[in-house]
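I opened the notebook to go through pockets, cavities and helix packing. Here is the entry I worked from.

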Amino acid sequence: MANLISVMCHCQRRGSQLLLGQECHLHVYEQGGVAQIAGVHSHPLPDLPHGTLDLAELERLVTRSLGSRYHPVCELICLENTHSSSGGRVLPIEYLRQVHLLARSYGVRVHLDGARLMNAAVALCVPPTRIVEHCDSVSLCFSKSPEDRDAHPWAGRQDSPLFPQGLGAPVGALVGGPKDFTEEAWRLRKALGGGMRQAGVLAAAALVGLTDAEEVLLKDHQNAQRFAKGLQELASPVCSVDLTTVETNMVMVRVDGLPPKELCQRLQTVSADEVAQTGRAVRVLLLPWTERSVRAVWHRNVSAQDTELALGKWAFVLRALGMG
């Protein structure tokens, strides 16, 4: 709802054009709400490997509607930071500055889907304000709860629970921007059914998550790096990781030789052989991401020890497949 509200605040003329990446969360995973509800025309651009959009193509599309009676009027550019489909990549601050400068020169605004804004800030070693100063509005998620129950690499007993990732609150998001923007956002939230009474208990949990965000997220990033390096050290023809792409709390693993869904099922299954050989019953919950990759995401309840257990389970599965 935070992204939808932001788009509706910026694009108040039906048929307005929104430029965004073709794999970004707002375009792929939010039910096309900007079209269904806001009447906004999305024009997706190819995502570059880092999660950025080509600046020259952005400018071409922004200027195409100037003075035209045929093209939709571009009013908004949406960016995602960190970029989920690129594996949690962080958009460089200089790139954000260039996009904002381009947009302002043509009267276009920039919205940042900052669901993982704090991850980006920790990775860049800057306060979040250094990032959001290059946009006109921002959304921030306090929970990042699992999209389905195999979205997180929890390694532990068979009955291990799942917890929210990121800042760790049970629920909640916010939108931020100038005063006139936030006043309109309040009205739209109410219209969309987002008005809540006695929400202070939820806000309290979000404040707890913000209090130690830097320390917790840094550990998540370190655990993700450790996992990626450990997986590479297994030197298996089945799985590989580009270490240069692991910047925050996500690891995209390329899978060859078997379907990613089968690999995920094997990592979730505990066998008598495993218990006999390792003395442990470990389940690793991952998300099949594409036809040739799986995604692992770290959160505050996946420890360094859990990360080592996940690597051990991965090695066991590869040996069982004869590919370790």
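**Pockets, cavities and two helix pairs**

I looked up the second largest pocket and got a volume of about 180 Å³. I am working on a predicted model. I then listed the lining of this second pocket: S85, S86, G87, D242, T245, M250, V251, M252, W289, T290 and S293. Two elements give two or more residues to that lining, strand 9 (250-255) and strand 11 (287-290). Strand 9 has the largest share, 3 residues. I sorted the lining of the second largest pocket by class and found 4 nonpolar, 6 polar and 1 charged.

Next I turned to the largest pocket. I noted a volume of about 1,100 Å³ for the largest pocket. I counted 39 residues in its lining. Which of them lie nearest the centre of the largest pocket? I found A2, L140, G172, A173 and L174 there. I asked which elements give two or more residues to the lining of the largest pocket. My list reads helix 1 (2-10), strand 5 (137-141), strand 7 (173-176), helix 8 (179-191) and helix 9 (200-211). Helix 9 gives the most, with 5 residues. By class, I have 23 nonpolar, 9 polar and 7 charged residues in the lining of the largest pocket.

I moved on to cavities. How many cavities of 30 Å³ or more does a search of the whole structure find? I got 4. The largest cavity has a volume of about 40 Å³. I wrote down its lining: G21, C24, D47, G51, L53, C78, L79, E80 and H83. Strand 3 (residues 74-80) gives the most to this lining, with 3 residues. I split the lining of the largest cavity into 4 nonpolar, 3 polar and 2 charged residues.

**Helix packing**

I needed two quantities for each pair: two packed helices are described by the angle between their axes and the distance between the axes.

I took helix 4 (residues 55-64) and helix 5 (residues 93-105) as one pair. Their axes come within 11 Å and cross at roughly 15°. Angles under 35 degrees count as roughly parallel, so I logged helix 4 as roughly parallel to helix 5. I also checked the handedness, and helix 4 passes helix 5 in a right-handed crossing. Which residues of helix 4 meet helix 5? I found L55, L58, E59 and V62 on the helix 4 side, meeting Y95, Q98, V99 and L102 in helix 5. I classed the residues of this contact as 6 nonpolar, 1 polar and 1 charged.

I took helix 6 (residues 117-124) and helix 10 (residues 213-233) as another pair. I read off axes that come within 9 Å and cross at roughly 80°. The range for roughly perpendicular is 65 to 115 degrees, so I logged helix 6 as roughly perpendicular to helix 10. For the contact itself, I have M118, N119, V122 and A123 from helix 6. They meet A213, E214, L217, L218 and H221 in helix 10. I closed this entry with the classes for the contact of helix 6 with helix 10: 6 nonpolar, 2 polar and 1 charged.

Key. Residues are numbered from 1 along each chain as its sequence is written. This is a predicted model: local features need pLDDT of at least 70, side-chain atom pairs count only at pLDDT 80 or more; totals for chains, interfaces and linings use all residues. Side-chain values use heavy atoms; hydrogens and water are left out. Axes are lines fitted to C-alpha atoms, for helices over the stretch in contact, and angles run from 0 to 180 degrees between N-to-C directions. Helices (H or I, at least four residues) and strands (E, at least two) are DSSP runs, numbered from the N terminus. Angles under 35 degrees count as roughly parallel, over 145 as roughly antiparallel, 65 to 115 as roughly perpendicular and the rest as oblique. A crossing is left-handed if the near helix is turned anticlockwise from the far one by less than a right angle, and right-handed if clockwise. Contact means heavy atoms within 4.5 Å. Ala, Val, Leu, Ile, Met, Phe, Trp, Tyr, Cys and Pro count as nonpolar, Asp, Glu, Lys and Arg as charged, and the others, Gly among them, as polar. On a 1 Å grid over the protein atoms alone, a cavity is a set of points where a 1.4 Å probe fits but cannot get out, and a pocket is an open set with protein on both sides within 12 Å along at least five of seven lines; lining residues have an atom within 4 Å of a point. Grid points are joined across faces, edges and corners, and a volume is the space filled by probe spheres set on the points.
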